[in-house]
Each structure stands twice: as C-alpha cells, then as structure tokens.
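Please look over the structure below with two topics in mind: what encloses its internal cavities, and how buried residues are arranged around individual helices.

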Amino acid sequence: MIHSLSSCRGFARLRGVGYNAVLQFSTSTPNRKALPRRSPTVQAIQGARQKGLPAPPPPEKWPMKLLESHVSHAEWAASLTLKELTAILDDFEALGLAMAKMQAKAILSEYNIEADTLFYLGTSLLDWNDFKYRDVAITLLICALEYGKPQLAWFSAARLLNDAMLTGRQKGPGVAAARKVIRESALLQVPYAVYLEGKVLEYEGKLLEALQIYQTWSDSMTAYRKGPYFSRESVHTPEHGDICKALARLRARLGDRVGAEEAIRDAALVYDDPAAFYHLAIEFATPGSEEAESFLLKAASSDQPKASHELGLLYFNESRQGVPLITPKTRRTVKGDKSTEKPTDPSVAVPIEQQSLKTSMPDKRAEAMEWFHVAAESSITASQVYLAILLRDVGRSEEGLAWLQKAAKSHDADEWNEGIEYFKQMWRRSDQDPVFMDIESLRKSSKNRKIKGTST
C-alpha cells in the first residue's frame, strides 16, 4: 500500500486520477479497464511519431503567463519559483477537496508558505476566468478559509460567496462555511459583511430579511453620525454607499419611494457614492434643474459614463431651446421646379441655410460635444451617435462618420441599428441637418425609413 503523502501525490499526478482513486488502486487488484484512457494529447503525440512527424507541443496545464507575472511582481509569490507554484497547483488538483483540506498544513509546511498564498493563487485562477481551473481555485480558497488568520478567512469567505452567486452554486463546496463567517461579521455590523449577507438573501428571494439587515445597519449608522465621535473619513468606503443603494433599491421595489429617496440621498450626500449621484439625478431630481445638473456633474467627474451621456443630452437640448425637435415647415425642393413646394418628411429637418436658430447657444453645444465624447470613449452607443452628429455639424464629417461606424459595432447597437443606417444614408447630403431632428425617435423605431434620393 502507498503510505506517504509525496508518493500519493506523485502517483496521482502520473496517472491523472484523484487521491482517493490512488488509495483504492493501491489496496485492490489492478483493473486495467478501470484505468483512465489515453488523453487526446498522448494519442496525438503517438500518432505523430508513427507518421514520422514532429510531435505537437503539449497544451499548458496551468496559465503560465499568469503564474510568471506573479513570480515576477506579486509580493505573496516572491519566495516561490514558477516550478514551485505549478507543483502546488498539481498537489491540490491531485488530492481533491476532501484530502486537500486534511493535507493543506503539510503542503504549507513543505513549501514554507502561509495560507495567504493559497488565497491569492485561488483568486487569481478565478479572475483568469477559465472554467477548467475553477475546482482547484475553490479548493485553494476553502483551505485558505480553514487555515488562514481571521481577516484572510473573511476575505476567502467573501470571494467564495460572490463566486457562488455568480455561478448559481449556492450549495457548492465551502459555501456553508463561508456563510457562517460572513453572517457572524454582519452581526458585528462590518459594512461589507452586511452588504454581502443582504446580497445573498436578495439572491435567495428573502427580500424582507435583506431589508431588515440593511435597515438595522442604516439605523446604527444614523445614530453614529449624530454622536460625538463621528468622522466623515471613517465612513468613506465603498461598502457604506453600496448598502444605502441596496436599501434604496429594496425600498423602491417594495413601493416605498420616499424611503428609497432618503437612502439614495444618504449614499450620495453622506457617503459620496458616485453612482448614487447619478441615480439621484435621474430618478428623483427634477429633469433639467440645477440640482439635477449638479448631481450629474458630480457623478461624471467620478468616472460615471452614463452621467456623462446625460450631461451631454442636457446641454444638447439646452442648445436647441426654442427650436422644434421636428420642424413641420414645408421647404422648396433642392432640385427641379423652384416654384413648387413639398411638405418635409417629419424626420427631416429644415435645410441648414434655412435654419435661423442654428447658431443659438454655441457654448452649450460645445459642452454637449465634450461630455458626449467622454461617454463615447466608454462605449456608450447613444453618445457615439450624438457625437457623430455634432462633429458633422461643425464640419468634421469624416471624424463623425468614424464614430458612427463605431456605434454600429457596439455591444448594444441593436436598438440603434436602423437609426444608424438612416444617418449613413443622409450623411453626405448638404440639405439634411440631423442636429435638429428628434434623434431619440430613431433609437427604437426607424423601420422602413428612407431618405429621398437614396436607395437601400
């Protein structure tokens, strides 16, 4: 029988089977049919040799670029070589979860490392976003939770819970232990633990329980803010704003709009949460008001691209004050009998030379272009369309067309497809001015729309 940890690991790696399979194999009569079949890689190598061809390079078992970057730069891996990192991963893969939990201490001692290494290695594999590494990553995190110091156990538990919600494996390995750690921290009013516990309850459909957890924390923070020891610096962490936003979301979902506004105002004005300023401007402030503008400016200055788009819209619409979005006037035909007049297509604006208010509020138009450009750089499709139109308006037609092409390739371009095609058709026509069109109307409904004189 195989007794030592090292011999079990080595045999398991050699045969490509788990630790338990090694023990079973070593205590019973070998059964050739039960042994794993040759892998496709082995078959390919042997086939190449038989044909006299060079063997194909074996595929990488682990993400070597990731591991190399850790060995070169990561503090937690500074004392390890690339070979040792891959050996640790091989060990945990060969042992499997049950045996790894039993042998983790021996592995930590053998490589002279702390449980922190297991945590960082596990999170790195999860972040690599390749499903084939997930089981090993979860095993590493569970061992870090078991053998790490309290703070490391807490971080491991948080990562395990987030992964369980992301993958829908609420009853997966380690989740129960992680829930216990997070729940205990939530009872102590640790902000991120409160947020995470509430998030899990929401995921499970227990909205009232989640609301109660958020509300209890909010009440305790309100009391703290009124006390003599309150300091704004002590509450400027993302978790405080996240809890208030979650509380606002649940209150709104349960029909309490007043309570929702109160919570989102706390997130924005007390905890300085950028996303909360955006929601406050869009959902609760009066559209176009100075308050809404100030909230949007605050959010946009903190890298909220949706707020940048809304600012662009605000200034764009202000620049068109007094100009109808759809001009119902009749206009003379560009070619043909100048004495005849035809009614304008309702989506087509009056020609540039006939638009007397074209130069109204140029500063606002410039501001709109700036904010649309910020949002367009963050791949907001609507901003790319508006920016293209404004660039064409100031004579930078080719640059505008390039942005229009980018918008057509965006991940959410479907709702703009027909509108983009419409603009492409009329792009080089001097008698069309999309700046004065009702652009939003082209967002979802521009079917069968066609510019006169063009073909589809």
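In this predicted model, the lining of the largest cavity is made up, by class, of five nonpolar, three charged and one polar residue. The residues concerned are Arg134, Ile138, Leu160, Asp163, Ala164, Arg169, Gly172, Pro173 and Val175. Two elements, helix 7 (134-147) and helix 8 (150-167), each give two or more residues to this lining, and the largest share, three residues, comes from helix 8. The volume of the largest cavity is about 60 Å³, and the count of cavities of 30 Å³ or more comes to two.

Burial along two other helices can be set out side by side.

| Helix | Residues | Buried residues |
|---|---|---|
| Helix 15 | 290-300 | Ala292, Glu293, Phe295, Leu296, Ala299, Ala300 |
| Helix 20 | 417-426 | Gly419, Ile420, Tyr422, Phe423, Met426 |

Where do the buried residues of helix 15, among them Glu293 and Phe295, lie around its axis? Seen down that axis, they fall within an arc of 165°, so they line one face of helix 15.

In helix 20, the buried residues include Tyr422 and Phe423. The buried residues of helix 20 cover an arc of only 155° around the axis, and they therefore lie on the same side of the helix. The general background is that an α-helix has 3.6 residues a turn, so that residues three or four places apart point the same way.

Notes: Residues numbered from 1 in each chain as written. Predicted model: local features only at pLDDT ≥ 70, side-chain atom pairs only at ≥ 80, totals over all residues. Heavy atoms only, no water. Buried < 20%, exposed > 50% of the residue type's maximum accessible area, 1.4 Å probe, protein only. Helix = DSSP H or I, 4+ residues; strand = E, 2+ residues; numbered from the N terminus. Arc of directions from axis to C-beta. 1 Å grid on protein atoms, 1.4 Å probe; cavity = no way out; pocket = protein on both sides within 12 Å on 5 of 7 lines; lining within 4 Å. Points joined across faces, edges and corners; volume = space filled by probe spheres on them. Nonpolar A, V, L, I, M, F, W, Y, C, P; charged D, E, K, R; others polar.
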